[in-house]
Amino acid sequence: MEILEEQRENWGGRAAFVLAAIGSAIGLGNLWAFPFKVYNYGGAAFLIPYIAAMFVVGIPLMILEFSLGHFTQKAAPDAFGRVGKKWEFVGWWGILLSFVIIMYYPVVLAWCFSFLWISIKAIVTGSALPWSGHGIEGVGRAGDFFYKEYLQYNGSHTLGGINWKLFWPLVITWLAMYLCICRGVKLVGWIVWITVPLPWLMLLLLAVRGLTFKGSTQGLAFFLNPDWSQLASPAIWRVAFGQVFFSLSLAFGVMITYASFLHSKSDINNNAVIVCLSDFATSMVCGIVVFATLGAMAHVTQTAGSPVPVSKVSLGGPGLAFVAFPYALAQLPYAHWFSLVFFIALVTLGIDSAFSITESCLAAIIDKTGWKRSIVLPAMTAIGIFSGMLFITRGGLNWLGTVDTFVNGTWGITFMGLLEAVVLSWAYNIDTLRLHANNRSDWRLGKWWNYAVRIFIPVVLGSLFVWNIIDDFFVSGGGILGFFIQKDGSVNLPHCVGMAIMAICPILAVLTSAHRSPYLQPEDKTTRKSVQRKTERLVGIASLAMAILSVLLFAAALNLPSMAVHAQVKWAMIVASVLAVTAGIIAGNFAMDRAYAANAIPSSIARWSGVLSIMVLSTIIAVMLVQLTGKAKIPAVSEVEQTLKGVSYIMLGGVSLLIIAGLVWCFYLAVRAGSNGSNTLQQPEEN
Ligand code: PHE
C-alpha cells in the first residue's frame, strides 16, 4: 500500500542520502569513543560483542528505521503515530533522547574547533603547540593544558560558573550547524559530499603515517590483543550494544527522519547495510590510526631516553582525543600539520552527526505543528546554545560524562531500541514494512527478518536490559536505594539527575503526543479489519498460561533449598520454564501471523502475552547470566609493553575481510540493480 501522496522535499539522488546517513553515523563516536572502548574492554575480544550487536541488532534495526521512515514519509513521532495514535510517544521519546545528546555533542565539537584553531595559529605564527612537551611530564602538561587551562575543569560535579572561553566556540559550532541545514535536506545532500570524504581522507593519511613508524604494531597490540575473560562481564556487552546504537545513530529517530526524505522508489535494504558497514569500517580505521600513532610515540620517546609507554597516557573519556593523541602527534615530525589534519577530521566527522540530530528534532516539530522552518531552526539553535552552557561550566565535563552514560546506557538507548522493535512488531503488521522495503530494494529480506525484529532482537535487548539492571542495582550497587544514596548517607547527585533526565523524557514524550495536531496523519488501519477472532484469542490465552507457568517454575527453581534437592531437579525446572515461555512466545507469534494473514486485528491478549513472554525469557536469561558470571569487573589494562599476537592479526584480517567483502557485495548488487534495465528505479522522481 502506498501512502506517499503528498510531495515531501527529498535528497535528490541515492548517493546523497547514503552519504548523509553515513555522515550521521560516523562521528565523534568513531574516532573518540570506539578506540578507547576497545582498549578498555578487552581489546579484540570487544569486537565479538560489537560484531554480534552490529549484525544481530544494528543492521536489522537500520532496515526497520529506514523502511518506517520511508513508508510513512514522516519524522519519528508521526511515523510511530501511524502505527497507532497511542504509540506516537515512542517517537517523541527517541527525539527527546537525541535532544539530550544535542545539548552536549556540540560542546565537544566546540573543543575540536578550538584545538583546530590553536593548530592553525601555531602553524601561522610558528610557535610551539601547547601540548607538545616531552616525557611523562610532557603528558602531564598536555593534560594540564586541556583540563586546567582550556576547560578550567574543577574535577567535581559542582558547576562553578561558566568558562566564557568556551562560549564562542560553542556559538560557532551551532552557527555552522545552522548554516548546513537552514536550506533543508537538498543542501545537506551537497554538504555531505565534503563532510564524509574529507575526514576519510584525513584518517587515511593519519593511518598510513602512523603505520609507517617503527613501534606502531606495539601500539596496535593494545587495540587488538584480546582479553577473552572480559566476555563474561556484562559491562563489555552493555558498552558494545550502546556503542553500536550510538555509532549508527539508531533508536534516536534520526535515521527514520532521514529516510522520510527519500524519494519514493529508493532502495532501502542495501542502503542500510552500506551505512552500517561503512560505519564499522570507519571505526576500525580510527582504532588503527589512534593506536599505531600511540605506538610510534611510545617508540620515539623510548629512543629519546624519556619513555612514555602507551599505558601511561590517559585514554578514557576525552583524554584520548584532546590529550593523548595530540601529545603523540607532537612527538613525531610535522606535528603542527598533522594536528591540523586530526582536528579537521574530528570537526568534519562530528558536524554532520550533530546537524542530523538537529534536523531530526526539527522535522519532528515541523511535522507536528506545521510551524515554519525559518522560525523553529533559529529557536532550536538558541535553545541548543543555552542548554549547552551547562556543559561549559567548570564542572561541565563531569556532567557531560554523567548524561552521556545515562543516555547511551541501560535506561536510554538500550531501552528505546527494545521498545521500538516491540512496538513495530507486536502492535503493527511488520510484514507491511518488509514488503515495502522489498518492493524497492536491490535485494529482498526473507521472512526471518519479521521474526528477528519480533522475537530475537527483543529477547537479546531485553536480556541485556535486565542483566544491566540487576548489575547496576544489586551486584555492583547496594540495592535500588543504594544506587541513589551513597554509603555515607549523602545523595548520589549524578545518579539522581541522570535518572531524572531518563524519567523526564518518556513523561514529556507522552504529554507531547497527547496533544492532537491537525497536521498528523491518521493511523494506518488499512491492513486490518476490526474483528478479533476466537482462535487467536484462545492461542493468546494459552500463551499467557505458558508465561505464568514459566515464571512459577523458574521462581520455584531459584528458591529450592540447595541441599534438599539434587541439582538436576533444579536444572530440569529451569529448562522446563524456558521451554514453557518459548512455547508462549511461539504461540503469541503464531496468533499474530494468523490474524494478519486473514487481514484481521490480532487479539490483544495474544499481543500482550507474546510481549510478556519475551520479557520473562529475557529475565530468565539475565538471571542465569548473573549467576554464571557474577560481579562485573572493570578490566585492568596491562602495563607491560606488548607485541601484536598471532590471534590479533587473525581478528584484524577477519574483520577487514568481513567489511570489505560485505561492501563489495553491496555495491555489486547496487550496480547490477542500476544496470539491468530498470535503472530509473533509483533515480529521483520528476517533480
Ligand atoms: N552517530 C554519531 C557518532 O558516532 C552520534 C549520533 C548519535 C548522531 C545519535 C545522531 C544520533 O558520533
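Ala, Val, Leu, Ile, Met, Phe, Trp, Tyr, Cys and Pro count here as nonpolar, Asp, Glu, Lys and Arg as charged, and the others, Gly among them, as polar. By that scheme, the lining of the largest cavity divides into eight nonpolar, seven polar and no charged residues. The model is predicted. The ligand sits in this largest cavity, and the protein covers 100% of the 320 Å² of accessible area that the ligand has on its own.

**Ligand contacts**

- The shell around the ligand holds 15 residues, and Ala-25, Leu-28, Gly-29, Tyr-105 and Phe-246 come nearest.
- Ala-25 uses its backbone: one of its N or O atoms there lies 2.9 Å from a nitrogen atom of the ligand.
- Tyr-105 uses its side chain, where an N or O atom is 2.6 Å from an oxygen atom of the ligand.
- Ser-249 also brings a side-chain N or O atom, 3.1 Å from a nitrogen atom of the ligand.
- These three pairs count as polar contacts because the N or O atoms lie within 3.5 Å.

**Make-up of the ligand shell**

- Helix 1 (14-25), helix 2 (28-40), helix 11 (234-247) and helix 15 (335-369) are the elements that give two or more residues to the shell.
- Seven residues of the shell are nonpolar, eight are polar and none is charged.

**Cavities**

- The protein has four cavities of 30 Å³ or more.
- The volume of the largest cavity is about 120 Å³.
- Its lining has 15 residues, and those closest to the cavity centre are Ser-24, Phe-246, Ser-249, Ser-353 and Ile-357.
- Phe-246 thus appears twice, among the residues that come nearest the ligand and among those closest to the centre of the largest cavity.
- Ser-249, with its side-chain contact to a ligand nitrogen atom, is also one of the residues closest to that centre.

**Helices in the cavity lining**

- At least two lining residues each come from helix 1, helix 2, helix 5 (88-125), helix 11 and helix 15.
- Helix 2 gives the most to this lining, with three residues.
- Helix 1, helix 2, helix 11 and helix 15 each give two or more residues to the ligand shell and at least two to the cavity lining.

Technical notes: Residues are numbered from 1 along each chain as its sequence is written. This is a predicted model: local features need pLDDT of at least 70, side-chain atom pairs count only at pLDDT 80 or more; totals for chains, interfaces and linings use all residues. Side-chain values use heavy atoms; hydrogens and water are left out. A residue is near a molecule or strand if one of its heavy atoms lies within 4 Å of it. A polar contact is a pair of N or O atoms within 3.5 Å; within protein, one must be able to donate a hydrogen and the other to accept it, and residues adjacent in sequence count only if both atoms are side-chain atoms. Accessible areas come from the Shrake-Rupley method with a 1.4 Å probe; for residues, only the protein chains shown count as cover. On a 1 Å grid over the protein atoms alone, a cavity is a set of points where a 1.4 Å probe fits but cannot get out, and a pocket is an open set with protein on both sides within 12 Å along at least five of seven lines; lining residues have an atom within 4 Å of a point. A molecule sits in a cavity or pocket if more than half of its atoms lie within 2 Å of its grid points. Helices (H or I, at least four residues) and strands (E, at least two) are DSSP runs, numbered from the N terminus. Grid points are joined across faces, edges and corners, and a volume is the space filled by probe spheres set on the points.
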